[in-house]
Amino acid sequence: MGNPRQPAPRDYPGVVATLVAILAVLLPGGLAFSVHRYLNGPAPITGVALSATATTSEPARPSPGKKASRDTPISDDEFGDWNFRMGGVAFKARRVSGWTYDSCAPVDRQGVLAENGCERAVQLAYSAYSGHLTAVQVILAFPSDKAAKATATRLASSSRGVKWRRDKVLDAYVYGRIRSGAIGRYVVYTAVTADKTAQAKAARFHRHLQADHLNYFVFRDANVTG
């Protein structure tokens, strides 16, 4: 399996326009929803409680990987190892596991996803820095942009809305946060934990992983709107 990659270009000017739009999305006051509130999350792990925060890093062009399109249901096999490079910034993470769900029920903890008509979900687990940093990412597909934004708004008030694989993160950590945001009809929800060895790199890693996979859907679905 490869990393996410853009579909064959169909409307390059349209993609450029979308990239301009995504810059607004990922900055405060953007067109699409980003979570701006820090929240205390469930704390089955000793250390810093996981919390939700905003995606604020600049958008990145998705890394090469398996081809998919707007008409293809999302699947975990679209995402392999994460190899990110933009300018002088580079990150790598090994994909540990991936799951594809035909419905969102397996990752819906409080019924928030069902209320907004969530159609399909993907869950991914990553490991970086020799296991000193771990990430679990849940990607949700909705019938409309409005439904995705509504879900992201609800997730901003409760970090318990999504059921994710806690067995794939560190048992004890000094960095532990959740980032959540919507782009088009998708919601990307990313939990990252890191121990002292990877603590200094964790926040930037987290921002770029979240932003890169949000932006993946700009290229995957060329007509995504904010």
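So, aromatic pairs: searching the whole structure turns up 10 of them. One is Phe-84 with Phe-91, and that pair is tilted, with 6.4 Å from centre to centre and 35° between the planes. Keep in mind that this is a predicted model, so every number I give you is computed from it.

Are those two rings buried or exposed? Phe-84 is buried, at a relative accessible area of 3%, and Phe-91 is buried too, at 7%. They also belong to a cluster: ring pairs link Trp-82, Phe-84, Phe-91, Tyr-129 and Phe-205.

Okay, hang on to Trp-82 and Phe-205, because they come up again in the largest nonpolar core. That core has 30 residues, and the ones with the most contacts inside it are Trp-82, Leu-133, Ile-139, Phe-205 and Phe-217. Which elements give two or more residues to it? Those are β3, β4, β5, β6, β8, β9 and α4. The top contributor is α4, with eight residues. There's another core lying apart from this one, with 24 residues, among them Val-138, Val-169, Ala-182 and Tyr-189.

Let's stay with α4 for a second, which covers residues 199-220. As a sanity check on the geometry, take 1.5 Å a residue: the 22 residues of α4 should span 32 Å, and the end C-alpha atoms are indeed 32 Å apart, so that agrees. On burial, 16 of the 22 residues are buried, so α4 is largely enclosed by the rest of the structure.

Now the strand I'd look at on your screens is β6, residues 133-141. How many of its residues are buried? Nine of the nine, so this strand is largely enclosed by the rest of the structure. If you go along it, Leu-133, Ala-135, Gln-137, Ile-139 and Ala-141 point one way, while Thr-134, Val-136, Val-138 and Leu-140 point the other way, and all are buried. Two of those names you've already heard in the largest core: Leu-133 and Ile-139 are among the residues with the most contacts inside it. Val-138, pointing the other way from Ile-139, is one of the residues of the 24-residue core.

What does β6 pair with? On one hand there's β5, residues 120-128, antiparallel over nine bridges. To find your place there, Arg-120 has Ala-141 as its bridge partner in β6. The hairpin of β5 and β6 has four residues between the strands, and Tyr-129 in that hairpin takes a positive phi near 50°. That's the Tyr-129 from the aromatic cluster, by the way. Then there's β9, residues 186-194, also joined to β6 by nine bridges and running antiparallel to it. In that pairing, Leu-140 has Val-187 of β9 as its bridge partner.

One more residue: Ile-178, which sits in β8, residues 175-183. With a relative accessibility of 0%, Ile-178 counts as buried. Its C-alpha is 8.7 Å from that of His-206, and the two residues are 28 apart along the chain.

Zooming out to finish. We've got four helices and nine strands, and from the N terminus the order is α-β-β-β-β-α-β-β-α-β-β-β-α. Of the 226 residues, 54% are buried. If you take contacts between residues at least 6 apart in sequence, 73% of them join residues at least 24 apart. And the accessible surface comes to about 9,600 Å², with 52% of that belonging to carbon and sulfur atoms.

Definitions and conventions
Residues are numbered from 1 along each chain as its sequence is written. This is a predicted model: local features need pLDDT of at least 70, side-chain atom pairs count only at pLDDT 80 or more; totals for chains, interfaces and linings use all residues. Side-chain values use heavy atoms; hydrogens and water are left out. Buried means under 20% relative accessible area, exposed over 50%, partly exposed in between (1.4 Å probe, protein chains only). Two strands pair if DSSP finds at least two bridges between them. A nonpolar core is a set of buried Ala, Val, Leu, Ile, Met, Phe, Trp, Tyr and Cys residues joined through side-chain atoms within 4.5 Å. The expected span of a helix is 1.5 Å times one less than its number of residues. Rings of Phe, Tyr and Trp (its six-membered ring) pair if their centres lie within 6.5 Å; planes under 30 degrees apart count as stacked, over 60 as edge-to-face and the rest as tilted. Contact means heavy atoms within 4.5 Å. Accessible areas come from the Shrake-Rupley method with a 1.4 Å probe; for residues, only the protein chains shown count as cover.
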